[in-house]
Amino acid sequence: MNQEELLQAAIEARDLSYSPYSRFAVGAALFTKDGRVYQGANVENSSYGLSMCAERNAIYHALMEGCAGDDFLALAIVADTDGPVSPCGACRQVIAEFFPKDSQIILGNLRGEMKVMSVGELLPYAFEGGDMQ
Ligand code: THU
């Protein structure tokens, strides 16, 4: 699956967004080394702080299907933004927890604009488990 196809899978996931409060729908699609795709969309709540982002839903979806971070190759994220969508800080931290350093994080929008970043570019000087040893 190429970057455009993974973005398309993220756009399809975005259609399942539950975002009646922000009206900002986000979709994500995670690609594994053995070719599996796991999708996620943002799911909001009337108690706003309980809302969950698309990226984390896709990552947790993959983990709940038995994948490990080592299996992760790429993550596409898409929203209806002017430029490629910018993932929130919480999602950058969760991406850094599970994705290998050399994986591709593909940021897109509905106009087909795309920006590909590494995990390190997305969250420089990340706090990691090893920092507590
Ligand atoms: N949102 C995401 O799904 N991912 C991000 O990286 C940024 C924000 C969602 C959360 C909330 O449902 C809506 O976008 C507005 O913040």
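**Group meeting talk: a walk through the model**

Hello everyone, let's begin at Tyr125, which sits in the segment after α4. Before I go on, please keep in mind that this is a predicted model. Tyr125 counts as exposed, because its relative accessibility is 86% and the cut-off for exposed is over 50%. Now look at its backbone: phi of Tyr125 is near 55°, a positive value, and this residue is not a glycine.

Which other residue has a positive phi of about 55° although it is not a glycine? That is Arg23. You can find Arg23 in the loop between α1 and β1. With a relative accessible area of 71%, Arg23 is exposed.

While we are in that loop, let me show you Ser19, which is also placed between α1 (3-14) and β1. Is Ser19 buried or exposed? Its relative accessible area is 12%, and buried means under 20%, so Ser19 is buried. The side chain of Ser19 makes a polar contact with the side chain of Ser17, at 2.7 Å. Leaving aside residues up to four places away in sequence, Ser19 touches Phe24, Ala25, Asn42 and Glu44.

Let's go inside now. The largest nonpolar core has 24 residues, and the members that touch the most others are Leu75, Ile95, Phe99 and Ile105. Where do the core residues come from? At least two are supplied by each of these elements: β1 (26-32), α2 (54-64), β3 (72-79), α3 (89-98), β4 (104-109) and α4 (119-122). Which of them gives the most to this core? The answer is α2, with five residues.

Please zoom in on Ile105 for a moment. What does Ile105 touch, not counting residues up to four places away in sequence? Its contacts are Leu75, Ile77, Ile95, Phe99, Lys115, Val116, Met117, Val119 and Leu122. Notice that Leu75, Ile95 and Phe99 are in that list, and we just met them among the best-connected core members.

There is also a second, separate core, which has ten residues. Leu6, Ala9, Ala10 and Ala76 are among them.

One helix is worth a stop here, and that is α3. Which residues of α3 are buried? They are Cys91, Arg92, Val94, Ile95 and Ala96. These buried residues of α3 pack against α2, β3, β4 and α4.

Next, a glycine. Gly108 lies in strand β4. Its relative accessible area is 0%, so Gly108 is buried. Setting aside residues up to four places away in sequence, Gly108 touches Leu7, Ile77, Val78, Ala79, Thr81, Pro84, Val85, Glu113 and Met114. If you would like to try the distance tool, pick Gly108 and Ala54: they are 54 residues apart in sequence, and their C-alpha atoms are 13 Å apart in space.

Back out to the surface. Tyr18, Tyr21, Val43 and Tyr48 form a nonpolar patch there, and together they have about 440 Å² of accessible area. Tyr48 belongs to the loop between β2 (37-41) and α2. Tyr48 counts as exposed because its relative accessibility is 60%.

Last topic: charges. Side chains of opposite charge can pair when their charged atoms come close. How many salt bridges does the structure hold? It holds three.

Here is one of them: the side chains of Arg36 and Asp34 meet at 3.0 Å, N to O. Arg36 is partly exposed, at 32% relative accessible area, while Asp34 counts as exposed at 54%.

Another salt bridge joins Asp82 and Arg111, whose closest N and O atoms are 3.3 Å apart. This pair links distant parts of the chain, with the two positions 29 residues apart in numbering: Asp82 is in the loop between β3 and α3, and Arg111 is in the loop between β4 and β5 (114-117). Asp82 counts as exposed at 61%, and so does Arg111 at 58%.

Then there is the salt bridge between the side chains of Glu128 and Lys101, at 2.7 Å, N to O. This pair also links distant parts of the chain, 27 residues apart: Lys101 is in the loop between α3 and β4, and Glu128 is in the segment after α4. Glu128 is partly exposed, at 31%, whereas Lys101 counts as exposed at 52%.

And that segment after α4 is where we started, with Tyr125. Thanks for listening!

Technical notes: Residues numbered from 1 in each chain as written. Predicted model: local features only at pLDDT ≥ 70, side-chain atom pairs only at ≥ 80, totals over all residues. Heavy atoms only, no water. Core = buried A, V, L, I, M, F, W, Y, C linked by side-chain atoms within 4.5 Å. Buried < 20%, exposed > 50% of the residue type's maximum accessible area, 1.4 Å probe, protein only. Helix = DSSP H or I, 4+ residues; strand = E, 2+ residues; numbered from the N terminus. Contact = heavy atoms within 4.5 Å. Patch = residues over 30% accessible without salt bridge, like charges linked within 9 Å, V, L, I, M, F, W, Y side chains within 5 Å. Areas by Shrake-Rupley, 256 points an atom, 1.4 Å probe, with all protein chains shown as cover. Salt bridge = Lys/Arg side-chain N within 4 Å of Asp/Glu carboxyl O. Polar contact = N/O pair within 3.5 Å; in protein donor to acceptor, adjacent residues only side chain to side chain.
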